[in-house]
Amino acid sequence: MFEPDGSIMLFWHALNRTDEKTAQFARGITSVKDENVVCVGTSSGSILIFSVNDDAKESNIQLKETLTGHDVAITDLYSSQSDTLISADEAGNIVIWKTGDKTFNKLTMIKGHNYPCSSIRLWEGYVIGGYGSGHIRFYQLSTGNLEVEITAHARWINGIDVASEAGLLLSASEDTYVRVWSLGVVDNKLKVEMKFSESITDVQLQGCKFTSQQGQTFALTGYDFNEIYVFSR
């Protein structure tokens, strides 16, 4: 972990190596609002919880606990609410965690569909997952039940993002396409509609991000590509 400008490294942590033949890596990182913690996913399926106490003099960062809710490598972590953390893994499973009073409790596991869930987000009581199969699935946060499934892309989805204030979902895939979807609830039913689609020729898209919660602009990056595409409306 570094200072915001990247000038000074504040903290580092080495993963425990239990098998010399198996690579160890960290993947997926998020903070949890109001809890002052940073969560990091690992190749073993565990989630490392680091407490961050930042005062005027110095930052104190410590490994607080390790969550064990996955059997395979973590692919993504996300938290946009003060009481919820979601995690996804290479088997396509999604786990919903309840947070509060500095504790994490496993609420629900959403079983996978034989493809990794590569990216996850939260929106208005829904868990959104982008999958290696090209699907995007919407689950009810409270129950874990599948609400909507769309065949969004022809190849692996590497990134999704949500502009919560605009009700927009962004997806980027190895099929070279970036797509924007509108999200809404009509008669207590979730409605998803594609609003924009564009192909970046010969670029396997790897990441996407709205630059504001109003969804006015978003940025893209691709595999082995040294440029960032920025779209605006």
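Reader: How many aromatic pairs does the structure hold?
Author: First, this is a predicted model: local features need pLDDT of at least 70, side-chain atom pairs count only at pLDDT 80 or more, and totals for chains, interfaces and linings use all residues. Residues are numbered from 1 along each chain as its sequence is written, and side-chain values use heavy atoms, with hydrogens and water left out. Rings of Phe, Tyr and Trp (its six-membered ring) pair up if their centres lie within 6.5 Å; planes under 30 degrees apart are stacked, over 60 edge-to-face, and the rest tilted. By that rule, the number of aromatic pairs is seven.

Reader: Is the pair of Phe210 and Phe218 stacked or edge-to-face?
Author: A pair of aromatic rings is described by the distance of the centres and the angle of the planes. Here the centres of Phe210 and Phe218 are 6.2 Å apart and the planes stand at 85°, so the pair is edge-to-face.

Reader: Are Phe210 and Phe218 buried or exposed?
Author: Buried means under 20% relative accessible area, exposed means over 50%, and partly exposed is in between (1.4 Å probe, protein chains only). Phe210 has 3% relative accessibility and Phe218 has 6%. So Phe210 counts as buried, and Phe218 is also buried.

Reader: And Phe225 with Tyr229: is that aromatic pair stacked or edge-to-face?
Author: Phe225 is partly exposed at 28%, and Tyr229 is partly exposed at 28% too. Their ring centres lie 5.7 Å apart, with 10° between the planes, and the pair is stacked.

Reader: Which residues do ring pairs link into a cluster?
Author: You've already met two of them, Phe210 and Phe218, as an edge-to-face pair. Ring pairs make a cluster of Phe196, Phe210, Phe218 and Phe231.

Reader: Which residue lies over the face of Tyr131?
Author: A charge sits over a ring if NZ of Lys or CZ of Arg is within 6 Å of the ring centre and within 35 degrees of the ring normal. Arg179 does this over Tyr177, at 4.7 Å from the ring centre. Over the face of Tyr131, at 4.6 Å from the ring centre, it's Arg137.

Reader: Which side chain meets Arg137 in a salt bridge?
Author: A salt bridge is a side-chain nitrogen of Lys or Arg within 4 Å of a carboxyl oxygen of Asp or Glu, and the structure holds eight of them. Arg137 has an N to O distance of 2.6 Å to its partner, Glu149. The pair links distant parts of the chain, 12 residues apart: strand 11 (residues 135-140) holds Arg137, and strand 12 (residues 146-151) holds Glu149. Arg137 is buried at 5%, while 41% makes the partner partly exposed, and that partner is Glu149.

Reader: How far apart in sequence are the parts tied together by Asp161 and Lys209?
Author: These two side chains meet in a salt bridge, 3.9 Å from N to O. Strands here are DSSP runs (E, at least two residues), just as helices are (H or I, at least four), numbered from the N terminus. Asp161 lies in strand 13 and Lys209 in strand 17 (residues 205-210), so the parts tied together are apart by 48 residues.

Reader: Which residues do salt bridges that share partners join into one network?
Author: Asp161 is buried at 2%, whereas Lys209 is partly exposed at 46%. Both belong to the network, which is made up of Asp76, Arg121, Asp161 and Lys209.

Reader: Which element gives the largest share of the largest nonpolar core?
Author: A nonpolar core is a set of buried Ala, Val, Leu, Ile, Met, Phe, Trp, Tyr and Cys residues joined through side-chain atoms within 4.5 Å. This one has 15 residues, and those touching the most other members are Trp123, Ile128, Ile136, Phe138, Ile150 and Leu169. Strand 10 (126-131), strand 11, strand 12, strand 13 and strand 15 each give two or more residues. The largest share, three residues, comes from strand 13.

Reader: Which residues is Ile150 in contact with, leaving aside its neighbours within four places in sequence?
Author: Contact means heavy atoms within 4.5 Å. With those neighbours left aside, Ile150 touches Gly134, His135, Ile136, Phe138, Trp181 and Val192.

Reader: How many disulfides does the count come to?
Author: A disulfide is a pair of cysteine sulfur atoms within 2.5 Å. The sulfur of Cys208 is 13 Å from the closest cysteine sulfur, in Cys117, which is too far for a bond. The count of disulfides therefore comes to zero.
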